[in-house]
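Me: I should like to go through the terms used for this structure and see what each of them rests on. Please set each value against its definition.

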Amino acid sequence: EKAMAYGQCINHARVVGDIPNNYLHVKQFTEYAIDLAEHYNLPYEVLGKSELEEFNSGGILGVNAGCEEEPNLISIYYEGCKGAPVTALIGKGVMFDTGGYSLKTGGYMSGMKADMAGASTVLGAIIALTKAELPYHVIGIVPATDNKISSDAIVVDDVLTMHNGKTVEVGNTDAEGRLILADA
């Protein structure tokens, strides 16, 4: 039964990771994560743009600056054993990565829907833990955004202030994963 649960969750993560951007934006992904959490009776929290601004999450907000759709930071909590040490699983949730102003060339743009495969893997892992009723305490964290271009997008040499107060000079806008994962 555990092997079946694991296999289903692995396949689930693969399927979600293959959904194209025109079918899975930040809003749909967030709703999907909430539906999963509610289906499995798991507590969750979603921080929107205003909360991310309050927490000075400059990495997530910076990567999202060129996007019409606002970012979310999604946390789902699994506590299969009270008092167990907490483990955090953090998955990159870039729904589509153009590279920002460090624009990817045509051949490298293909497949960028998969830049959220880390996020779908975290959701799959939380489901697997729940189905198998494993004795762990895990928090699944997903920073969800796009990395696109607009007049508001970050550019090379911009300096962002991260959640922990440290500053980061952007050397390449296609290094968005590090920025959002650092804040998460």
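**Terms and the values behind them**

Reply: Asn41 lies in the loop between helix 2 (26-39) and strand 1 (44-47); helices (H or I, at least four residues) and strands (E, at least two) are DSSP runs, numbered from the N terminus. The model is predicted, so local features need pLDDT of at least 70 and side-chain atom pairs count only at pLDDT 80 or more, while totals for chains, interfaces and linings use all residues. Residues are numbered from 1 along each chain as its sequence is written, and side-chain values use heavy atoms, with hydrogens and water left out.

Me: Why is Asn41 called exposed?

Reply: Exposed means over 50% relative accessible area, buried means under 20%, and partly exposed lies in between (1.4 Å probe, protein chains only). Asn41 has a relative accessible area of 70%, and therefore counts as exposed.

Me: What makes Cys67 buried, and why is Cys81 called partly exposed?

Reply: Cys67 has 13% relative accessibility, which is under 20%, so it is buried. Cys81 has a relative accessible area of 30%, between the two limits, and is therefore partly exposed.

Me: How do you know that Cys81 is too far from the closest cysteine sulfur for a bond?

Reply: A disulfide is a covalent bond between the sulfur atoms of two cysteines. The criterion here is a pair of cysteine sulfur atoms within 2.5 Å. The closest cysteine sulfur to that of Cys81 is in Cys9, 20 Å away, so the two are too far apart for a bond. The search of the whole structure finds zero disulfides.

Me: Why is strand 2 described as largely enclosed?

Reply: Strand 2 (residues 72-79) has eight residues, of which six are buried, so the rest of the structure largely encloses it.

Me: What makes strand 2 a partner of strand 1 and of strand 5?

Reply: Two strands pair if DSSP finds at least two bridges between them. Strand 1 and strand 2 run antiparallel and are joined by four bridges; strand 2 and strand 5 (residues 137-147) are antiparallel too, over eight bridges. Ser75 in strand 2 stands opposite Glu45, and its bridge partner in strand 5 is Ile141.

Me: With which residues is Ile74 in contact, leaving aside its neighbours within four places in sequence?

Reply: Contact means heavy atoms within 4.5 Å. On that basis Ile74 is in contact with Phe29, Thr30, Ala33, Glu45, Val46, Gly140, Ile141, Val142 and Ala144.
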